Each structure stands twice: as C-alpha cells, then as structure tokens.
Amino acid sequence: MSKLTAQGSSLISTMAINDNKAGMEGLNKEKINQIIFEASKGSKFFENEQKKEEQLNQKILEQQILISSLSSAMLFHGLKEADELIEKLKACQDLSHTIVHVDMDAFYAAVEMRDDPRLKDKPMAVGGMSMLSTSNYIARKYGVRAAMPGFIALKLCPNLVLVEPNFTKYTAVSQEIREIFAQYDPNFSPMSLDEAYLDLTEHLIYRRGSSNLCRIFLLRLKTDNSSIVVNDLECTCNLNAVLRPSVINLEELKINSVSSENLQEYLNSLDFSNFNLPKDCQVCNKKLPPFSLKLYDTTVEDAVLEMRNRIEQRTFLTASAGIAPNTMLAKVCSDRNKPNGQFQIHPDVQEIEEFMKNLPIRKISGIGKVTEKLLGSLNISLCSDLYKQRALLYHAFSSLTFQYFMKITLGMGSTSLEKDEERKSLSTERTFAEISDPAQLYEKCAELCQHLAKDLNEEQLMGKTVSLKIKTISFEIKTRSHTLQCYTNDEKIIFNAAKQLLKVEIDSVKQSLLRLRLMGVRMSKLVPQASNQVSIVSLFHQSNRLTSTASRTNTHNFNIQKTDFDEKDFSTSINILEANDPVLESTMTTRHSQKSLFQKTQSPQKKSIESGMKNSIMKFVSKSERCSDKIANNCYVESNIKVENNNNLRNLDCENSSSTSLKLQSNSKSNFSNAAMQNVSQATLISSVESKQKTFISCPVCGQQKFDWPLDQLNQHMDLCLSRKTIKTILQDDKNSNKRGAVQVENDDSLPSVPKRKKTQIAVDSYFK
C-alpha cells in the first residue's frame with residue numbers, strides 16, 4: 001500500500017485521483033488524494049477498496065516472486081519470443097484505413113448547461129450522492145470527475161451543483177448526433193450516447209470527386225469566447241436543414257462555385273440581404289439568425305471539422321475528434337485537444353512510433369488502475385517501457401495480454417468497426433441511493449426492464465438470455481442469468497425472468513434485507529427481429545403457397561391429412577436432425593443415393609426395429625399432447641422459411657427451448673430427384689389444408705394434424721417435438737430394447753452386398769452426443 005508521506009496517512013492506490021482525463025491537468029494530486037481518503041474512511045466504499053487493494057498487493061507479491069525466479073536463459077527465451085512476435089505484428093500492420101473517434105465534450109453536463117444557462121459559470125456535475133456520471137470542466141479543476149461518489153465530490157468542491165440525470169433527453173440529443181455520423185459512415189460504431197468510431201476511408205474517396213457546393217455549410221455567428229450566439233427571439237432550428245437548400249440553389253453561388261479561384265473569399269463577401277431568401281423559419285416561425293458560409297476542403301482534417309461544426313450547429317454542443325489509422329490511436333487522439341478540438345496521427349510508422357514513445361500507459365483504453373499498478377511494479381509507466389521490459393512481460397502475463405502489450409508498443413489497434421447487427425447484448429443499469437424494501441427493488445427492476453424492452457424494440461432485436469446485475473452497499477457485485485424458452489423483446493416476459501432472479505437474491509438473505517445501490521438488466525443471445533422472427537400465422541400463409549406450388553409439380557401422391565407415422569415421415573424427421581450437423585449434412589447425398597439399395601436389402605428384423613422406433617416416437621408425440629397444457633410459453637418460435645425460384649429445396653429453421661436449430665438445406669450437387677425433393681418439402685413444411693368445413697394444421701416436425709389447431713398449443717407442441725433430450729432418450733430406449741431382442745440372421749449371398757459405411761458417415765445417435 002502506497003504512503004502519502006506529507007500527511008503520514010496510508011492511501012489506497014485504486015482510490016487515487018486519475019488526472020489523465022481531459023481538463024484535469026496540473027492538479028494538486030496529494031491534496032486531492034488526502035481529501036478522498038478522509039472523506040471515504042469508514043464507509044462501505046472504503047472497506048471494499050481496502051479489500052481489493054489487499055488482493056492486488058497479493059497478486060503483485062506473487063508476480064515479484066515469479067520474476068525473481070527467472071533465470072538468464074528464461075529471460076533470453078522471453079526476449080526472443082517477444083522479438084519474433086513484434087516482427088510478425090509489423091508484417092501485418094494495416095495503415096490503409098482512416099478511423100475517426102468522436103467524443104462529445106462533457107456530454108451530459110453540456111446538455112444541462114445548454115438548457116439552463118445559469119449553470120455555465122458554475123462547477124456542476126450530473127449524478128447524485130452515490131455516483132457521478134460526468135462533470136463540467138470547471139468542476140474538473142477541483143478533481144471532480146465521472147465515476148466518483150457524489151459525497152466525495154462535495155468534499156473536493158463544496159460549491160458543486162448536482163443535477164439529476166435525464167437520460168431521455170440525452171438519448172434524444174444523441175440521436176441527432178448519430179444522424180450526422182451516418183452521413184459520413186453509415187456503418188459507424190456507437191460506443192455510448194456520446195462517442196462513436198467512424199471509418200471515413202470510403203467517404204474520403206467520394207469527397208475528392210464531389211462538387212464545391214456539396215461541401216458548403218451554414219454557420220451561426222459566434223461570440224468572442226467561441227460560443228454560438230443564441231437569442232430567444234431568433235430561430236434555434238438546424239439552419240443547414242431549413243435554410244441551406246435555398247442558399248445552395250442561388251444561381252450566383254452555383255456559377256461562382258465552379259469559376260471562382262478563391263471561393264471562400266467570395267462566400268465571405270456575400271451580403272445575403274440582397275438575395276431572395278426566407279426571413280423567417282418555416283418550422284418555428286421565428287426570425288432566422290445571421291449566418292456565414294464555409295467551404296470545407298476534401299482532406300480528412302476538413303471532413304472531420306465539417307462534421308464537428310455540423311454537430312455544434314444542430315445541437316449547440318461541441319465535440320472533439322481523433323484521426324488515426326486504427327481505433328486505439330484514434331481514441332487517444334480524441335482526448336488530445338479537448339474540448340472542441342481534433343488531433344491527427346498520419347499513417348506513417350515513424351510518426352506512430354514517435355507518438356507512442358512518451359505516451360503514459362494509462363492513456364490507453366483498456367489499461368485501468370489495477371493494470372497500471374501491476375505494470376508499475378515492473379517500472380513501466382510509459383508505452384515505450386513496455387518494449388524495454390518485454391522479456392519480463394512475456395513471463396509475467398498471459399499470452400493474450402502479452403500480445404496486447406506488444407501491439408501497444410507498435411501503436412496497433414483494430415481497423416474494423418463493430419456493426420450494430422454484430423451486437424451481442426443490450427443492457428441498462430442504474431446507480432441509486434440504498435434500497436432495501438423488496439417492493440421498491442421490484443419496482444426498480446420493472447423500470448429497468450421497461451427501458452430495456454424499449455431499446456430492444458427500437459433496435460428491432462430479440463434476445464433469449466436475461467441477466468440481472470446487482471451491487472450491494474458493501475460493493476459486492478453479483479450477476480445471475482436465465483435463458484428463456486424462446487426469443488423475445490416483450491417487457492412482461494423480460495420482467496418475469498428478471499423478477500425471479502431478483503427474488504432468489506432477496507430470499508437468500510431472509511435473515512436480513514438485501515440492500516442494493518446498483519441494479520442492471522441485460523438481454524443477450526440477440527437476433528434481428530425482422531429477419532429471424534416470423535409469427536406462426538405468417539408460417540401458415542407461407543405454407544399454403546408452398547403446398548399449392550409443390551402439388552402442381554409433384555409426381556408422387558402425398559396424403560397430407562394422413563396422421564400415421566410412415567416410412568417417409570420417419571425418414572424425413574431423421575434427415576432434419578442430421579441437417580443440423582455439418583459432418584452429417586455433407587454425407588446426406590451419399591446416404592439418400594443409397595436409399596433404394598438399403599430398402600431392398602432390409603431384413604424382417606430391420607423392419608421390426610424401424611417399426612419399434614416409429615412407434616416410440618408416436619408415443620412421444622402423444623405424450624407431448626398431454627403435457628402441452630402444462631407449459632406456459634408466450635414467446636415466438638424462431639422460424640424462417642425461404643422459397644427459391646428454382647428447384648432447390650426449401651429451407652426451414654426452427655428454434656426450440658433448448659436452442660436447437662434445425663436446418664434443411666439443399667445441395668446443388670445432390671442426387672435427389674425433383675420428386676423426392678418435393679416429398680421432403682411437403683413432409684417438413686408447416687401445412688394447412690382447407691376444406692369446405694374443416695381446416696387441418698400439421699406439425700412441421702412429426703406431421704401430426706389437428707382440426708383448427710390453436711396457435712399457442714401448436715407452439716407448445718413444436719417445442720416438445722424439437723426436444724433433443726426426449727428424442728435421444730427414445731432412440732436410446734429403442735436401441736437397448738433391440739439389443740435385448742436381436743436375432744442372429746444368416747448371411748444371404750443372394751442379396752446384393754451393402755456398401756461399407758465410410759468413416760465420415762455418422763450414426764444419427766451421435767448427433768445427440
């Protein structure tokens with residue numbers, strides 16, 4: 001544990017102020033750390049930090065013991081491995097992309113100051129006594145920053161104004177900003193409400209071929225302190241939306257934008273009072289404010305400046321940006337000239353190495369207080385020190401962490417941005433004052449589930465696993481998860497799952513109350529709602545079209561109202577199960593090409609075995625009907641039916657409560673005949689046959705049919721049909737019974753020989769292992 005010798009008090013290192021954030025340069029760290037120490041002492045927060053400090057110190061001790069045990073040979077080996085890795089990394093370094101990281105300046109605080117000008121000259125922060133979300137730049141001079149408890153912030157800055165967060169407002173402003181991002185990179189990657197990564201590589205190509213008019217935008221006049229002049233009597237709408245089209249269409253501007261050698265000087269000389277332009281805004285009916293025109297160049301610097309200026313003109317908020325060949329460098333650069341600035345690292349190896357040389361390791365995203373202290377015990381404080389101590393790092397950290405450190409020394413990072421469709425989870429959480437009343441905890445849980453369901457619906461996503469995160473007043477964090485039967489974004493279903501998880505935690509401390517200060521709800525295993533979720537009704541409509549189309553070309557009679565489980569039904573069900581396994585799928589063609597040969601060589605015993613298996617599965621289907629009323633299922637069954645215009649086999653995807661995905665696909669090289677393909681299609685797709693008085697609906701798995709089968713009961717029935725565990729048990733029972741009743745049959749030379757099974761062909765039973 002480090003010491004503050006000036007005060008003679010011990011200080012927990014993880015509680016020390018981090019002055020690497022923008023606006024916190026030149027602080028009196030010793031004084032601030034002592035205030036934090038005194039304000040925290042005796043609190044649950046302090047006790048939790050003490051516990052984490054002890055664990056960290058123990059880890060450092062173990063690391064030092066390991067380092068001291070290294071021999072010269074081991075260090076030489078580590079040095080050799082590190083140099084080989086660095087050479088490999090250099091060989092694959094990609095400098096072809098132009099990545100931009102845009103970060104709004106003190107976003108939540110800036111929105112509040114914009115809406116309440118009285119806060120502009122005061123130290124203020126958004127949050128409460130438990131935790132702060134952000135602070136303005138005036139408060140940062142006192143050491144107040146995000147992720148700091150409010151009671152500590154008030155000790156550092158007694159005049160601090162705390163404003164309750166309004167996430168609805170912040171989300172609305174964030175949406176306006178993202179609309180501008182999308183015009184420069186439709187596939188931009190938002191990291192939070194106030195920051196995003198953009199790849200401008202393609203935009204710059206388009207920009208070089210664009211006309212000057214496309215790069216002219218309107219700017220409101222600014223005051224001496226570089227803030228936009230705002231008058232209550234004047235329009236505050238987006239000028240570039242309400243007025244720019246009229247300005248760009250001026251004939252004088254069109255002519256001079258091509259012929260004028262110095263277009264910007266011409267734009268500065270224009271007196272717009274002489275032009276026939278609207279005087280009042282057509283949206284708010286207020287007087288339009290004075291403005292100027294600015295022409296932006298085709299360079300990346302001007303492209304980013306243009307984007308930042310457009311954000312400011314629309315939201316009255318400033319943004320900072322970093323321009324670099326990868327995301328890691330772009331993130332560091334965006335913090336370089338905050339607030340309202342930008343910084344660029346050119347795609348040059350020499351420039352990148354020089355930039356990384358004296359960069360503190362704490363500036364790198366992903367290196368926090370714990371990693372900083374672990375590296376500090378090895379005398380590593382700058383990125384260049386990582387290279388110097390690479391032999392020790394090779395032995396002291398895991399291979400992945402070591403590779404990450406070596407990438408940092410070279411200034412390497414990701415060049416591909418995560419798209420929205422690649423999102424793995426969606427969550428929402430809140431920090432609050434202590435809550436211990438179960439009714440209030442359930443109310444908070446319901447509120448979070450409502451926000452999560454809203455976000456899922458806005459993103460058009462559905463999920464299957466609900467997770468509950470809680471933090472007690474002793475700062476103990478617990479996470480519990482529950483996987484639903486089906487994908488959903490329904491608020492009630494999400495809340496029911498989260499409520500049960502919360503109830504377990506409440507019941508686990510019956511002798512005392514569950515006292516929480518943070519709660520969060522997350523939905524994972526996400527799928528797009530539009531493309532992957534189809535209602536049962538739409539399946540029937542689709543099935544009717546497929547059935548009528550297939551009946552016109554099918555040369556085999558197929559009785560769709562038949563309820564007996566015959567050979568075709570059984571064979572089709574097995575084929576569906578096989579299609580989910582890539583190895584089995586590759587052998588389907590071979591097996592079906594041998595089908596007629598196997599049918600000819602079946603012995604009476606073989607037929608008896610198949611008959612027994614068919615009877616067992618029919619018993620299972622019958623049993624599933626009796627159990628269906630006991631299952632509550634309000635979710636969709638994940639289904640997707642795709643019809644090709646040619647003779648390819650239809651595709652059917654079904655998702656059951658065990659996440660079983662059954663796919664029936666056609667192989668262009670298959671030896672199936674068109675007639676056989678039609679039989680499989682009709683046997684596997686959901687079918688409904690309408691007569692004059694009756695409508696029969698069939699299960700796509702077992703083929704069973706019912707008159708006017710209710711959709712919810714069919715949904716439950718399909719879940720049972722697709723149960724891997726149940727089918728596996730049936731197959732195993734039949735296998736055991738067949739072993740007990742097996743009869744030895746003499747070889748009959750008159751029968752054709754059966755081709756030997758190849759090693760790549762796997763029995764159906766192995767699919768369930």
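Start at E505, a buried residue with a relative accessible area of 4%. Buried means under 20% relative accessible area, exposed means over 50%, and partly exposed lies in between (1.4 Å probe, protein chains only). The model is predicted: local features need pLDDT of at least 70, side-chain atom pairs count only at pLDDT 80 or more, and totals for chains, interfaces and linings use all residues. Residues are numbered from 1 along each chain as its sequence is written, and side-chain values use heavy atoms, with hydrogens and water left out.

**Stop 1: around E505**

Keep E505 selected and add R480. The two form a salt bridge, with the closest N and O atoms 2.9 Å apart. A salt bridge here is a side-chain nitrogen of Lys or Arg within 4 Å of a carboxyl oxygen of Asp or Glu. E505 sits in helix α21 and R480 in strand β15, 25 residues apart. R480 counts as partly exposed because its relative accessibility is 37%.

Now add K478. It forms a salt bridge with E505 too, and the closest N and O atoms are 3.6 Å apart. K478 lies in strand β15 (residues 477-488), while E505 belongs to helix α21 (residues 491-507); 27 residues separate them. At 22% relative accessibility, K478 is partly exposed. Helices (H or I, at least four residues) and strands (E, at least two) are DSSP runs, numbered from the N terminus.

**Stop 2: a buried pair**

Over the whole structure, a search finds 23 salt bridges. Select K338 and D103 for another one, with the closest N and O atoms 3.6 Å apart. K338 is in the loop between α14 (327-334) and β12, D103 is in strand β3, and these positions lie 235 residues apart in numbering. Are K338 and D103 buried or exposed? Both are buried.

**Stop 3: the five-stranded sheet**

Strand β3 leads to the next selection. Show β7, β8, β3, β11 and β12: in that order, the five strands form an open sheet with mixed pairing. Two strands pair if DSSP finds at least two bridges between them. Which strands stand at the edges? They are β7 (189-192) and β12 (342-344), each pairing on one side only. Neighbouring strands are turned by 15 degrees against each other on average, direction ignored.

Zoom in on β7 and β8 (residues 195-199). They pair in the antiparallel sense over three bridges. Pick P190, and its bridge partner in β8 is A196.

**Stop 4: the three-stranded sheet**

Next, show β5, β4 and β6. These three strands form an open sheet in the order β5-β4-β6, again with mixed pairing. β5 (132-135) and β6 (161-163) are the edges; each has a single partner strand, so one side of each is left without a neighbour in the sheet. Here the average turn between neighbouring strands is 30 degrees, direction ignored.

Strand β4 (residues 124-127) runs antiparallel to β5, and three bridges join them. Select V126: its bridge partner in β5 is T134.

**Stop 5: helix α4**

Add helix α4 (residues 107-115). It packs on this sheet, touching β4, β5 and β6, and its direction makes about 115 degrees with that of β4. Contact means heavy atoms within 4.5 Å. Axes are lines fitted to C-alpha atoms, for helices over the stretch in contact, and angles run from 0 to 180 degrees between N-to-C directions.

How many of the nine residues of α4 are buried? Seven are, so coloured by burial the helix is mostly covered. Among them are F107, Y108 and E112. The buried residues pack against β3 (99-104), β4, β5, β6 and α7 (167-184).

Finish with E112, R114, D115 and K169, which are linked in a network of salt bridges.
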